[in-house]
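Let's take a walk through a protein structure together, one element at a time. Keep the picture open as you read.

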Amino acid sequence: MGIMIKDLIESTDLISVSNSKHALPAKVEDLTTLAEESVEQVALPIIDFSLLTSGSPDQRSKIVEELRNACLHWGFFMVVNHGVPQSLKEELINSCMNFFDLSLEEKSVYEGENASDPCILDPIICGTNFNPASRSVSFWRDYLRVLVHPVFNSPVKPEALSEGLREYSNRSREIMKELTRAIMEGLELEEENIEESLELNSGVQKFSANLYPPCPQPELAIGLPPHADRGLLTLLIQNDVGGLQIKNKGKWVAVNAIPNSIMVNIGDHMEILSNGKYKAVLHRAVVNNKETRISLVMTNGPSTETYVT
């Protein structure tokens, strides 16, 4: 395992990333827009989850329509009153921070037996690149990626991580199912059997903790390059440090979560289910030179045996 970003920062007096494998290639066309202050800050649509599950029929219909508009015009939205305790979010963030505090030797256990083969999913893996076997340009990010469903996995250390991750996996999966049903309803598609037809009870759920330490030259590095997510819906929680940007109407905009919300975005499987009406939106993570950002991402997809058409 190569050195991780957090270990690099803590082991050296790094003042520049120029001419290093952590610097972006000079030809990146939107390099000048990486700084978060150089793009517009926008507010995402807010979906009150409690009105989907316990509201009146009229309230549910209103939220379904709001959800339809959010998917159509943004591909991203924030969910509030979702039932996930703030204490669980904080515990999970702290446990993931503690994982990244482990020694390089302890983390290297999760380098991945199949790092060179992107078609094979290791149950637990950590590193800096999308492909841990790559020696090309690295992102300014350390990550821990864990397959948590249909079979639950978790690193042995820190001990508190497993319990919090299992609870959040279960809770977020139920949120995903309810949102998927509501999205199908907004599309005027049959939502009653969507859970069965997509085999969501055996669906793939992948957890990623992304750590973005302060970068001495954030204008020359990137946490994650522009990408769209696989799966149905992605759920994201984070600490209070911003850095997420999404592409909306052809331009990059910065988005920050409101307190105790879960940010949700459309994945490519949902784009297919909607017959292209809802798009899996490009997004990226930028870095700063002052504070560490951590985001916890839960991607949710159908069973690996399911064909999405």
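At what angle do the axes of H3 and H6 cross? Keep that in mind while we look at what these helices rest on, and remember that this is a predicted model.

Start with the sheet. It is open and has eight strands, in the order E2-E3-E11-E8-E13-E6-E5-E4, and their pairing is mixed. Strand E2 (46-48) and strand E4 (124-127) form the edges, each pairing on one side only. On average, neighbouring strands here are turned by 25° against each other, ignoring direction.

Now zoom in on one pair. Strand E6 (residues 205-212) and strand E13 (residues 293-300) run in the antiparallel sense, paired over eight bridges. If you find asparagine 210, its bridge partner in E13 is serine 295.

Next come the helices. Helix H6 (residues 159-186) packs on the sheet and touches E3, strand E5 (142-149), E6, strand E8 (233-238), E11 and E13. The direction of H6 makes about 135° with that of E8. Helix H3 (residues 57-73) lies across E2, strand E3 (76-80) and strand E11 (262-266), running at about 150° to E2.

Back to our question: the axes of H3 and H6 cross at roughly 85° and come within 9 Å. Angles of 65 to 115 degrees count as roughly perpendicular, so that is how H3 and H6 lie to each other. From H3, the contact is made by Arg60, Val64, Leu67, Arg68 and Cys71, and from H6 by Glu178, Leu179, Ala182, Ile183, Glu185 and Gly186. Of the residues in this contact of H3 with H6, six are nonpolar, one is polar and four are charged.

Note on methods. Residues are numbered from 1 along each chain as its sequence is written. This is a predicted model: local features need pLDDT of at least 70, side-chain atom pairs count only at pLDDT 80 or more; totals for chains, interfaces and linings use all residues. Side-chain values use heavy atoms; hydrogens and water are left out. Two strands pair if DSSP finds at least two bridges between them. Helices (H or I, at least four residues) and strands (E, at least two) are DSSP runs, numbered from the N terminus. Axes are lines fitted to C-alpha atoms, for helices over the stretch in contact, and angles run from 0 to 180 degrees between N-to-C directions. Contact means heavy atoms within 4.5 Å. Angles under 35 degrees count as roughly parallel, over 145 as roughly antiparallel, 65 to 115 as roughly perpendicular and the rest as oblique. Ala, Val, Leu, Ile, Met, Phe, Trp, Tyr, Cys and Pro count as nonpolar, Asp, Glu, Lys and Arg as charged, and the others, Gly among them, as polar.
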